[in-house]
Amino acid sequence: MRSNLNLARTRIGQLRGALLSPSPEEIERCLPGLVEAAACLGLIQQQLGLEAPDPGLGRELNALKNDLTAVNKLIEHGAEFYRGWAKLLGSATSGYTPTGDAAPISAAGTMSIRG
Amino acid sequence: MGGISSALLNAGNALGVFGQTFNVVENNISNANTPGYADQNPSFDPLPFQPEQGLVGGVAAGPLISSRDEYLEQAVRTQQSLLGSATQSAGDLGQIQPLFDLTSTSGVSSSIDNFFNSFSQLSVNPNDAVSRQSVITAASQVAQGLQNTAAGIAQVSTNITSQTTSVVTQINQLASQIAGLNQSYQSNSAATSDAGLDAQMHSALENLSQLTDISVIKDSTGAYNVTIGGQTPLVLGSTQFAISAGNTSNQTTILDSQGNDITSQISQGQLGALIAEKNTTLPGYMTSLNTLAQSFADAVNGQLSQGVDENGNAPTTPLFSYDQASDAASTITVNNLTPDQIAAASAGAPGGNGNAVAMTQLATSPQINGFTFTEYYGNLGSQIGNDVAGATADQQQAQDQLSQAQAERTQVSGVSLNDEAAKLLQYQQAYQAVGKLVGVISDLTTTLMDMVPVT
């Protein structure tokens, strides 16, 4: 139980680190780890149905919850930042809509190929 | 020959331009760690190529283009303000917490327990002089504990006042520096593209944002106008409007250059935290401590007044006294009683232990808002502990968000619009995907926490 939880915390910790200096590639790199973390928690849930909880597991879960709160804040803050940045670029490229909102970004002729 | 000389001229010209480019690159590298410095990018202007008119083409150095973006700067400044506030709160509240150490054997909590235990001992031998003296000694320890705690809070409050003065001085110094830099911009338009001045300006603005919540607007002359709380001017062009700190009725007030009270406009940065602590948080703790001191003294005095002393007389002097007009906790004292004056017996049974027994029952009966004295003190200690833990978590969170904003500033500066538009789409998808997964993990964790008791 404890090793699954430790692995989940490690993955969340990696995401937290990535979010401190985010790039789409960096965040995407964390996605498989997060899927693994979710699977670990699912396993713990199954184990809890069969055996008594490991002493101190509650405290560890609380710490994981705190980590998740921090990660959530960073995600919200990062997303909010790029929403603001998109508004700024939108108004710079296409002005404003009749309702006063920044227009969507216009990047005519842009082609982005990845892979 | 004309072709060769044109080519040589071109090559020589281009070498000169690229030489300037190296200077720019060298300057960027030299200033890589200079606070507030933004990379300068050289630009190149093509020269006209009309051989028949003797115009040989080539390249000329254009103006330097700063990679600085004011939106990104503002995002960093906002986080600096939050971090300044959280760090100040965590530091100051951290000084209060040890005063309410619930595990200490010499603190208020244990001295209250000892006091009631001394009455318990007295009830066994109500006329024993040593037991009577123990009651007076234990009472003195309660009074001393409350006084020490009140004095500790008062000391932190005094420190906050002097820190406030220091922070206001720093704000005025930075405002003066910004006004001076604005003066340079206004007197010489070339100064607006000086990377060194630009670095000084943005370093000063970032330092200022740690101290208080500021709004910054760049005007058409290149000058930066700064307001506090978005309302009160601190710097307009080359003019500085100094603020000052006052202390009225033990409450901090911040005044603008005209003497108007702008305290309520300041909520972030170190100054915001100092104001909140001085005007709200510490008075709240002090009120709770005074309630405890007053209720304790009144309850004990009230119970003793119902008994009689060793000689069968009703007490004429209460055990505790405090100054009602001032803080009960800081003024509570034990009056100069002799051991025989402790009213251990009930009025109807002189020489007995009736009143001492009644006194011990005060320890376990609800006295303040449904709590016993030690429970009430424990709740206060827990509240302070939670406040400190909250401030520390806020500090960590603010540090994370500042790091994130600084990284975004580094990454986003100086990119092309097309690159940026494509990147924004990627970010949007990445944040959505990771947000959904974290939501699933968070739900799973909550489910598990419901299944496992948190100890």
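**Briefing: the contact between chains A and B, and the interior of chain B**

In this predicted model, the contact takes 50 residues from chain A and 40 residues from chain B, two residues being in contact if their C-beta atoms, placed from the backbone, lie within 7 Å. Local features need pLDDT of at least 70 and side-chain atom pairs pLDDT 80 or more, while totals for chains, interfaces and linings use all residues. Residues are numbered from 1 along each chain as its sequence is written, and chains are lettered from A in the order in which they are written.

**Side of chain A that touches chain B**
- The largest share, 25 residues, comes from α3(A); helices are DSSP runs (H or I, at least four residues), as are strands (E, at least two), numbered from the N terminus.

**Nonpolar core**
- The largest nonpolar core has 125 residues; such a core is a set of buried Ala, Val, Leu, Ile, Met, Phe, Trp, Tyr and Cys residues joined through C-beta atoms within 7 Å.
- A residue is buried if 20 or more other C-beta atoms lie within 10 Å of its own.
- Helix α4 (residues 129-187) of chain B gives the most to this core, namely 19 residues.
- B:Ala139, among the residues with the most contacts inside the core, touches B:Phe115, B:Leu319, B:Phe320 and B:Val334, leaving aside neighbours within four places in sequence.

**Sheet in chain B**
- Four strands form an open antiparallel sheet in the order β7-β8-β9-β10; strands pair if DSSP finds at least two bridges between them.
- The edge strands are β7 (214-218) and β10 (239-240) of chain B.
- B:Val235 has B:Gln240 in β10(B) as its bridge partner.

Key:
Buried ≥ 20, exposed ≤ 12 C-beta atoms within 10 Å, placed from the backbone.
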